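Visitor: Could you take me on a close look at one part of this structure, the surroundings of the ligand and whatever is packed beside them? I'm in my first year, so please keep it plain.

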Amino acid sequence: MLENKNILIGITGGIAAYKICNLIRLYKKEGANVRVVVTPNALNFVTKLTLQTLSGNEVYADNFEIKEYKPKHIALTEADIFVIAPASANTIGKIANGICDNLLLSTACAFSKPILIAPAMNENMWKNPFVQKNLVKLKNAGYHIIEPETGFLACGTNGTGRMKEPEEIFEKTVEILSEKQTLKGKKILITAGGTREKIDPVRYITNSSSGKMGLALADRAFDMGAEVTLISTFKADKLYKNIVAQTALEMEKAVKENLAGQDCVIMAAAVSDYRVENVSEQKIKKQGGEVTLRLVENPDILQEICKLSPLCHSVTFPPQGGQRSQALNQRIEQEADREQLSSARSSTPSLTPPPYPLPQGAGECAKPGGTPANSIYLPPPLIIGFCAESENLIENAKTKIRKKGCDYLIANDISRKDIGFNTDENEVYIIDKNLNIKHIEKDTKQNIAKRILEEVFE
Ligand SMILES: Cc1cc2nc3c(=O)[nH]c(=O)nc-3n(C[C@H](O)[C@H](O)[C@H](O)COP(=O)(O)O)c2cc1C
């Protein structure tokens with residue numbers, strides 16, 4: 001089950017450290033290569049010799065014991081997942097605040113793949129507001145937390161704080177690692193949040209969208225291995241790329257600038273239909289009477305990118321010279337391997353990337369009028385829109401998908417108080433181009449997001 005997987009385990013100074021011996025065995029039994037990094041305090045609870053014998057690898061504890069050219073905290077990041085168990089309150093706090101004063105912490109800070117944290121501590125420590133705040137910070141940044149359970153604790157009391165059993169940590173690891181496969185190699189752009197249309201420097205018009213649905217989609221897509229770009233009306237401290245765009249016009253610009261090369265675009269943001277025509281440079285003062293704001297229509301970003309995207313997916317090769325960026329090179333190679341290109345390849349004369357390099361950033365967007373002979377045609381991204389309706393949900397959604405021209409439309413009912421805008425749950429209908437409808441029952445936004453991604457990428 002875990003053949004070819006490299007699992008890095010991080011052990012901190014908690015009494016549950018002894019249970020990790022069993023976790024190592026579970027991973028090893030399924031064929032994983034396991035390496036272990038410990039905090040100096042962890043070695044008070046479990047020995048290097050035991051961990052070394054069970055993992056079959058050297059156990060790492062010291063930042064500065066250099067035996068190879070690469071610093072250890074960088075060498076250790078070459079794993080598929082970092083499982084920190086047990087995670088002490090101390091280590092959780094340090095990771096959440098970017099502190100790197102031991103090898104485990106430096107590795108966590110430099111680790112770009114999934115990190116699973118299994119906290120274990122006394123109940124009062126667990127309930128401590130600072131510990132909870134740190135955990136929220138980590139969750140929001142995309143770390144996986146396997147919450148402790150309630151039961152008999154090593155300190156002799158009953159309460160919450162007992163680390164989940166190794167079997168459950170093992171299951172969670174497998175779940176995360178298998179999620180990684182599905183969207184690996186895909187680039188996904190997601191928008192989130194309600195736009196803010198300025199009235200003056202301190203006031204704006206907005207809507208009730210919290211951005212939670214878009215954020216959940218970005219989190220899940222990232223967990224499933226995608227290279228995510230989140231364009232949101234708020235700042236998101238995440239492990240993936242985040243661009244803040246607050247107004248509809250800023251969002252339009254950011255989406256268009258980041259469109260080329262995407263495999264999928266999900267427009268989950270609630271973009272205001274109107275903006276104030278003349279935004280006041282100074283704060284508007286009370287003048288003892290009425291104030292009239294004239295509103296003008298905003299661009300329909302979803303509809304525009306549906307028209308634009310096929311054009312933006314041709315890469316043109318210049319006749320000679322110049323530097324081709326490494327990212328573009330990789331992209332061309334990936335695309336050239338794609339099945340979708342086989343038909344385009346046979347109908348377009350020179351689709352093989354030429355041996356000479358492209359000028360930096362050149363030709364990522366073709367000019368209108370089709371794919372020139374010296375171009376490679378990249379399949380247009382899958383475009384998914386959202387529609388929030390307060391009445392006739394399905395009928396309105398069907399009309400909208402025909403009008404906008406996107407591949408899928410996710411419809412949700414905003415007349416209900418328990419789902420949709422500004423809540424943690426949702427219930428949606430996925431409508432495709434052929435007007436097939438799939439109902440996804442009420443669930444957390446995280447789970448709904450996963451179902452949407454599974455449905456459209458199945
Ligand atoms: C016997 C004993 C058991 C401990 N168990 C825990 C624990 O389960 N969880 C925890 O957060 N701290 C526990 N601590 C406190 C940590 O060891 C301490 O906060 C330490 O600084 C953690 O260091 P580390 O995070 O670098 O490993 C325990 C301490 C002792 C002496």
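Guide: Sort the residues of the shell around the ligand by class and you get 8 nonpolar, 8 polar and no charged. Keep in mind that you're looking at a predicted model. In total, 16 residues surround the ligand, and the closest are Thr 12, Gly 13, Gly 14, Thr 39 and Ser 88.

Which helix gives the most to this shell? That's helix 4, residues 89-96, with 3 residues. So let's follow helix 4 away from the ligand and see what it packs against.

Its partner here is helix 5, residues 103-110. Two packed helices are described by the angle between their axes and the distance between the axes. For helix 4 and helix 5, the angle is about 40° and the axes lie 10 Å apart. That angle makes helix 4 oblique to helix 5. The crossing of the two is right-handed.

Now zoom in on the residues that meet. On the helix 4 side you'll find Thr 91, Lys 94 and Ile 95, and on the helix 5 side Leu 104, Leu 105 and Ala 108. By class, this contact of helix 4 with helix 5 has 4 nonpolar, 1 polar and 1 charged residues.

Helix 5 leads us on to a sheet. Strands of a sheet pair through backbone hydrogen bonds, either parallel or antiparallel. This one is an open sheet of 6 strands, in the order 3-2-1-4-5-6, and the pairing is parallel. At the edges sit strand 3 (59-60) and strand 6 (144-145), each of which pairs on one side only.

Take the strand 3 edge a bit further. Strand 2, residues 33-38, runs parallel to strand 3, and 2 bridges join them. If you want a spot to click on, Val 37 stands opposite Tyr 60 in strand 3.

And how does helix 5 sit on all this? Helix 5 packs on the sheet and touches strand 1 (6-11), strand 2, strand 3, strand 4 (81-87) and strand 5 (115-119). The direction of helix 5 makes about 120° with that of strand 2.

So you can trace a path: from the ligand's shell, where helix 4 gives the most residues, across to helix 5, and on to the parallel sheet that helix 5 packs on.

Notes: Residues are numbered from 1 along each chain as its sequence is written. This is a predicted model: local features need pLDDT of at least 70, side-chain atom pairs count only at pLDDT 80 or more; totals for chains, interfaces and linings use all residues. A residue is near a molecule or strand if its C-beta atom, placed from the backbone, lies within 6 Å of it. Helices (H or I, at least four residues) and strands (E, at least two) are DSSP runs, numbered from the N terminus. Ala, Val, Leu, Ile, Met, Phe, Trp, Tyr, Cys and Pro count as nonpolar, Asp, Glu, Lys and Arg as charged, and the others, Gly among them, as polar. Axes are lines fitted to C-alpha atoms, for helices over the stretch in contact, and angles run from 0 to 180 degrees between N-to-C directions. Angles under 35 degrees count as roughly parallel, over 145 as roughly antiparallel, 65 to 115 as roughly perpendicular and the rest as oblique. A crossing is left-handed if the near helix is turned anticlockwise from the far one by less than a right angle, and right-handed if clockwise. Two residues are in contact if their C-beta atoms, placed from the backbone, lie within 7 Å. Two strands pair if DSSP finds at least two bridges between them.
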